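Thanks for coming. I will take a few minutes to go through one structure, strands to begin with and charged pairs after that.

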Amino acid sequence: MNYLDNVKIVLVETSHTGNMGSAARAMKTMGLTHLCLVNPVIKPDSQSISLAAGASDIIKQAQIFSSLEEAIADCRLVIGTSARPRSLQWPNLTPKECGDKIIQEASNSDAKVALVFGRERVGLTNEELQKCHYHVGIPANPAYSSLNLAMSVQVLCYEIRMSMLNLSSVLTEPEADIDSIEFPKDEDIERFYQHLEQTLLKTEFINANHPGQIMGRLRRLFTRARIEQHELNILRGILTSVDKKL
């Protein structure tokens with residue numbers, strides 16, 4: 001089985017079609033083929049095909065979504081790229097840890113995984129980053145950390161490929177075993193957060209006019225815990241029992 005088939009590279013609101021082509025080329029050199037474009041400023045054109053340089057098939061087969069939520073709805077692991085520290089700290093990975101985490105998850109049956117890249121100038125918003133389980137940054141030269149989009153895709157896709165090759169060698173060992181924990185899809189996690197917010201509004205634990213700060217911290221808490229599917233079912237059951245009492 002090719003675990004890379006379960007990995008999505010997601011580009012959010014890309015401004016330059018040439019960057020799409022260059023990113024597709026970077027992906028194909030590392031064996032990744034599943035490109036998702038979220039609300040691109042300009043849809044793929046001849047320039048993206050030209051700069052793909054042999055990876056035009058990835059551009060032509062790219063899926064286009066109107067929102068990040070739609071692009072990652074079927075994913076059980078979402079990692080967002082971030083080049084700068086944010087006010088709300090989140091679990092962070094090195095590029096190698098990112099590659100290992102992605103392949104570990106992608107090797108579990110049909111688990112879909114997304115690696116999300118933001119806009120060329122400003123990256124991902126805080127709200128978009130809060131939809132990711134982990135953040136990853138490339139430790140570039142602080143005096144000159146100007147990595148363009150395709151370079152960033154290349155670096156992280158390389159780490160994904162190296163992790164896959166390492167896993168393949170481990171699987172040849174007779175007693176090798178891979179954990180198969182079932183994690184919920186992103187769309188199920190989002191339903192839980194919506195349910196949680198509605199219940200907390202009913203109990204007046206959060207203010208209807210200012211729910212964001214508390215909900216943001218709760219997202220961080222559950223993201224850090226990386227809840228499993230059966231744990232999510234328990235939490236939804238607890239919320240339902242509270243709703244019935246109310």
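A term before the details: two strands count as paired if DSSP finds at least two bridges between them. Please also keep in mind that this is a predicted model.

Let me begin with strand β1, residues 7–12. What does β1 pair with? One partner is strand β2, residues 34–38, and the pairing is parallel, over 5 bridges. Within that pairing, lysine 8 has histidine 34 of β2 as its bridge partner. Another partner is strand β6, residues 112–117, again parallel and over 5 bridges. There, isoleucine 9 stands opposite leucine 115 of β6.

Between β1 and β2 we should also look at helix α1, residues 17–29: together with the two strands, α1 makes a right-handed β-α-β unit.

How many residues of β1 are buried? The count is 6 of 6, so β1 is mostly covered, given that buried means under 20% relative accessible area. In a regular strand the side chains alternate between the two faces of the sheet. In β1 both faces are covered: Val7, Ile9 and Leu11 are buried on one side, and Lys8, Val10 and Val12 are buried on the other.

Moving on to β2. This strand is largely enclosed by the rest of the structure, because 5 of its 5 residues are buried. His34, Cys36 and Val38 sit on one face, Leu35 and Leu37 on the other, and both faces are covered. β2 also pairs with strand β3, residues 63–65, in the parallel sense over 3 bridges. In that pairing, cysteine 36 stands opposite glutamine 63 of β3.

Now the charged pairs. Side chains of opposite charge can pair when their charged atoms come close. How many salt bridges does the structure hold? There are 12, and I will go through some of them.

We have already met lysine 8 as a buried residue of β1. Its side chain meets that of aspartate 74 in a salt bridge, at 2.7 Å from N to O. Aspartate 74 is in the loop between α4 (68–72) and β4 (75–81), so the bridge ties together parts that are 66 residues apart in sequence. Are the two partners buried or exposed? Lysine 8 is buried, with a relative accessible area of 3%, while aspartate 74 is partly exposed, at 28%.

Next is lysine 131, which forms a salt bridge with glutamate 190; their closest N and O atoms are 3.9 Å apart. This pair also links distant parts of the chain. Lysine 131 is in the loop between α6 (126–129) and β7 (134–136), and glutamate 190 is in helix α8, residues 186–202, with their positions 59 residues apart in the count. Both of these residues are buried.

Staying in helix α8, arginine 191 forms a salt bridge with aspartate 188, the closest N and O atoms being 2.6 Å apart. Here both partners lie in α8, 3 residues apart, about one turn of the helix. Arginine 191 is partly exposed, with a relative accessible area of 41%, and aspartate 188 counts as partly exposed too, at 23%.

Finally, some salt bridges share partners, and in this way Glu69, Lys131, Glu190 and Arg219 are joined into one network. That is the end of my walk through the model.

Methods
Residues numbered from 1 in each chain as written. Predicted model: local features only at pLDDT ≥ 70, side-chain atom pairs only at ≥ 80, totals over all residues. Heavy atoms only, no water. Salt bridge = Lys/Arg side-chain N within 4 Å of Asp/Glu carboxyl O. Helix = DSSP H or I, 4+ residues; strand = E, 2+ residues; numbered from the N terminus. Buried < 20%, exposed > 50% of the residue type's maximum accessible area, 1.4 Å probe, protein only. Right-handed = clockwise from strand over helix to strand, strands pointing away.
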